[in-house]
Amino acid sequence: MSAISRIGVFTSGGDAPGMNACIRAVVRTAIANEKQVYGIQRGYQGMIEDEFIPLTSRSVSNIIQRGGTILKTARSKDFMTADGRKKAYQHLQNHQIDALIAIGGDGTFTGAEIFCNEYPDIRIIGIPGTIDNDLAGTDFTLGFDTAVNTTIEAIDKIRDTAAAHDRCFFIEVMGRDSGCIALWAGVAGGAEAILLPEHDTNLDALIEKLESGAKRNKSSSIVIVAEGEKNGGAQNVAQQVKSRLPDYETKVTVLGHVQRGGSPSAFDRIFAAKCGVKSIEALIAGENRVMVGIRDNKMSYTPLSKATKQHDPLDKDLYRMIDILAL
Ligand code: F6P
């Protein structure tokens with residue numbers, strides 16, 4: 001195993017609060033270990049288009065509190081082609097980069113695995129950066145905690161107006177394939193029901209539940225609908241409920257990208273620091289093709305190939321509590 005002297009860091013896929021705090025930790029830990037660092041802008045796309053910038057300790061000053069990513073991000077179609085990956089490799093060679101720190105989610109690590117198979121001389125460590133919390137082998141991903149907090153802030157506000165008007169709100173939250181934000185924000189926000197991509201929701205049962213709530217003098221209700229839920233999203237679910245309960249006043253709010261922005265929570269900043277430091281220490285210790293994560297409050301490594309396979313099952317206990325707490 002050859003020693004590493006120059007490391008490239010990039011963010012890829014959907015941005016997530018905490019990515020900047022993580023870039024800062026990666027850069028400063030690398031420099032503390034006498035390694036040079038280059039930032040690669042716009043993820044794999046910037047690797048293909050030769051967007052490399054040297055980073056110093058000062059380049060990452062005053063970013064710990066900022067949402068988004070100073071390196072920018074992209075979902076690169078070109079990297080899905082062998083030709084695109086070859087260009088990326090050539091640019092890494094031109095800049096004498098021998099290792100990469102990839103901060104991203106499922107798509108980022110799938111790309112990293114393919115790249116490692118084709119160009120095994122480049123070593124890669126992954127850091128889980130996605131609001132979706134949908135990577136196997138880590139209990140949390142960067143940005144999830146902040147996104148849940150942003151979501152419950154919105155739910156609380158909607159609850160005020162829902163109660164004032166005796167309305168039923170269907171709130172759509174992010175998560176194409178993962179119901180983690182919906183489940184956590186739904187329970188924390190006191191939702192009557194939570195519709196998730198991982199569970200089929202029977203609309204008859206949902207309607208019965210809302211009707212029974214009304215009989216128990218609930219004048220307003222909040223239903224959280226994850227974006228990737230199988231009934232076609234909050235708009236569709238609300239329409240179907242309205243067609244069956246015409247006297248029910250229904251409203252729909254799609255929270256969208258507001259959930260991806262904002263200053264990272266304390267948890268996300270600390271987690272970002274731990275992941276950043278660990279990722280460089282892992283490289284120096286000879287690790288390769290692993291994702292740094294957190295398991296039972298201890299930092300862990302998971303092979304990149306496993307991290308993307310299937311996300312860990314949703315917290316069954318939390319799921320079970322939805323109905324009890326909505327009484
Ligand atoms: O990054 C994850 C995520 O926010 C998902 O929850 C969502 O489905 C998707 O990204 C949206 O992606 P885009 O911003 O590219 O539309």
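The count of cavities of 30 Å³ or more comes to one. Its volume is about 30 Å³. This is a predicted model, and every value below is computed from it.

**Empty space**

Rolling a probe the size of a water molecule over the atoms shows where empty space is left. The largest cavity is lined by E192, K209, L210, G213, R216, K218 and A326. Sorted by class, that lining has four charged, two nonpolar and one polar residues.

The largest pocket holds about 950 Å³ of space. Its lining runs to 42 residues. Closest to the pocket centre are G13, R75, D106, G107 and R176. Which helix gives the largest share of the lining of the largest pocket? That is α4, with six residues. Helix α4 spans 106-118. Strand β6, at 168-173, also supplies at least two residues of this lining. By class, the pocket lining has 19 polar, 13 charged and ten nonpolar residues.

The table sets the two spaces side by side.

| Space | Volume | Nonpolar residues in lining | Polar residues in lining | Charged residues in lining |
|---|---|---|---|---|
| Largest cavity | about 30 Å³ | two | one | four |
| Largest pocket | about 950 Å³ | ten | 19 | 13 |

**A helix pair**

Two packed helices are described by the angle between their axes and the distance between the axes. Here the pair is α1, residues 19-32, and α9, residues 266-284. They pack at an angle of about 35°. Their axes lie 8 Å apart. The crossing of α1 with α9 is right-handed.

Which residues make the contact between α1 and α9? From α1 come A21, C22, A25, V26, T29 and A30. From α9 come R269, A272, A273, C275, G276, V277, S279 and I280. By class, the contact of α1 with α9 has ten nonpolar, three polar and one charged residues.

**Salt bridges**

Side chains of opposite charge can pair when their charged atoms come close. How many salt bridges does the structure hold? The total is 13. One of them joins the side chains of D15 and R260, at 2.9 Å from N to O. This pair links distant parts of the chain, 245 residues apart. D15 sits in the loop between β1 (6-11) and α1. R260 sits in the loop between β9 (250-254) and α9. Both loops border the helices described above: α1 follows the loop of D15, and α9 follows the loop of R260.

Methods: Residues are numbered from 1 along each chain as its sequence is written. This is a predicted model: local features need pLDDT of at least 70, side-chain atom pairs count only at pLDDT 80 or more; totals for chains, interfaces and linings use all residues. Side-chain values use heavy atoms; hydrogens and water are left out. On a 1 Å grid over the protein atoms alone, a cavity is a set of points where a 1.4 Å probe fits but cannot get out, and a pocket is an open set with protein on both sides within 12 Å along at least five of seven lines; lining residues have an atom within 4 Å of a point. Grid points are joined across faces, edges and corners, and a volume is the space filled by probe spheres set on the points. Ala, Val, Leu, Ile, Met, Phe, Trp, Tyr, Cys and Pro count as nonpolar, Asp, Glu, Lys and Arg as charged, and the others, Gly among them, as polar. Axes are lines fitted to C-alpha atoms, for helices over the stretch in contact, and angles run from 0 to 180 degrees between N-to-C directions. Helices (H or I, at least four residues) and strands (E, at least two) are DSSP runs, numbered from the N terminus. A crossing is left-handed if the near helix is turned anticlockwise from the far one by less than a right angle, and right-handed if clockwise. Contact means heavy atoms within 4.5 Å. A salt bridge is a side-chain nitrogen of Lys or Arg within 4 Å of a carboxyl oxygen of Asp or Glu.
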